[in-house]
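This report describes a strand pairing and a set of annotated positions. The reader is invited to follow the account with the structure in view.

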Amino acid sequence: MIEAILPAGTVAVDTFTDWPHAFLFPEEEEIIRPAVDKRRREFTSARWCARQAMTRLGRAPAPVLPGPRGEPQWPAGLVGSITHCDGYRAAVLAESGVITTVGIDAEPNEPLMDGVLPAVSLPEERDRLDRLLRDHPDVRWDRLLFSAKESVYKAWFPVAGTWLDFEDADITFDPLAGTFEAQLAVAGPELHGRRLTGFSGRWLAAQGLVVTAIAVVARHRPRGARAVRRRAQVPPDPHDGPADRPVQSKEGRARRARPSFALPAQTPAEYSGLRLTGRSLRRVTFSLRYVRVRCCSTVLIVM
Ligand SMILES: CC(C)(COP(=O)(O)OP(=O)(O)OC[C@H]1O[C@@H](n2cnc3c(N)ncnc32)[C@H](O)[C@@H]1OP(=O)(O)O)[C@@H](O)C(=O)NCCC(=O)NCCS
């Protein structure tokens, strides 16, 4: 399900089931041994998702240990994010040369507990949520706001390495486009030559859940990154047993079926995950015009 809101170049695997054959590496086992059964199941299934994603990226399955602040420690050259809530687990991975940072979160599409919203939101966010709930009552916007902030933190921490408070991000949702903007109140690190001031993300409400995702696409791709992106879009091996198949949405299957030369469905601004300036948008427009001119002249030469 969550792959529907992630850009090409990421590999997302999710599941609504805890597979009994999911295994842990001894070092993971060591960490999770004292945990209660619920925690063990979510930890194990999320790692099952992560290892499926590693395999699809052409990597050998590897342990994913929590770092000092709980952050998942990915094998060298990979970035990723994990989420789990009742009945759902997901992991998204990408080559670090393709995606700079990623954050995902899933929550039940249910109201937050009493007293939580004021603690995790700004007054102006609460005003906007009231309007959204009135106009689109099927989505629990308070819970979606919370999820978006969790995704912000998971995308922020690997690049900033610091804590971020709930009031440090001001989230604005677009209810029709399924996108959101997070404006940061604190100075972020420099990414691709620009100061990180916010994130663009996407959201989805389906199957009783609200899910959010942020993926910052690397601006300067290293040599071979194109091949990596193509590899990341390779569908799962049909010889995998059905029990090993993650649950996939219709949108996800449709996206996979898209020919590899198709442009992504998102606009360039959403696609990058980073807020683009007017100048870079003009550059994108120019590039598209250039491609059109090149295509026309090629047709003329062929004729
Ligand atoms: C860490 C936190 C974001 C996890 O979110 P959650 O909704 O409670 O739980 P989820 O199941 O969605 O995610 C858990 C996963 O987050 C990941 N995670 C934990 N700490 C992390 C960090 N510092 N950076 C990135 N990912 C982290 C882990 O992979 C964890 O799964 P694992 O323990 O099985 O490896 C949350 O508990 C937290 O501490 N939030 C406070 C910070 C915050 O959100 N600030 C708001 C900024 S606007």
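## A hairpin and an annotated site

In this predicted model, strands β4 and β5 (residues 88-95) run antiparallel to each other and pair over eight bridges. Within this pairing, S81 stands opposite V92 in β5. The two strands form a hairpin, with two residues between them. One residue in the turn, G87, has a positive phi of about 80 degrees.

Strand β4 itself spans residues 78-85 and is mostly covered, since seven of its eight residues are classed as buried.

Attention now turns to the annotated positions. The UniProt record, an unreviewed entry, places the feature "binding site" at D105, A106 and E107. Of these positions, D105 is found in strand β6, which covers residues 99-108, and E107 is also placed in β6.

Are D105 and E107 buried or exposed? D105 counts as buried because 29 C-beta neighbours lie inside 10 Å. E107 is buried because 21 other C-beta atoms lie within 10 Å. The cut-off for a buried residue is 20 or more.

The table lists the contacts of both residues, leaving aside residues up to four places away in sequence.

| Residue | C-beta atoms and distance | Residues in contact |
|---|---|---|
| D105 | 29 inside 10 Å | T83, S147, E150, S151, K154, V211 and T212 |
| E107 | 21 within 10 Å | C85, R143, F146, S147, L209 and V210 |

S147 appears among the contacts of D105 and among those of E107. Strand β4, at residues 78-85, also enters this picture: D105 touches T83, and E107 is in contact with C85.

Note on methods:
Residues are numbered from 1 along each chain as its sequence is written. This is a predicted model: local features need pLDDT of at least 70, side-chain atom pairs count only at pLDDT 80 or more; totals for chains, interfaces and linings use all residues. A residue is buried if 20 or more other C-beta atoms lie within 10 Å of its own, exposed if 12 or fewer, and partly exposed in between; C-beta atoms are placed from the backbone. Helices (H or I, at least four residues) and strands (E, at least two) are DSSP runs, numbered from the N terminus. Two strands pair if DSSP finds at least two bridges between them. UniProt positions are given in the numbering used here, feature names are shortened, and annotations may be inferred rather than shown by experiment. Two residues are in contact if their C-beta atoms, placed from the backbone, lie within 7 Å.
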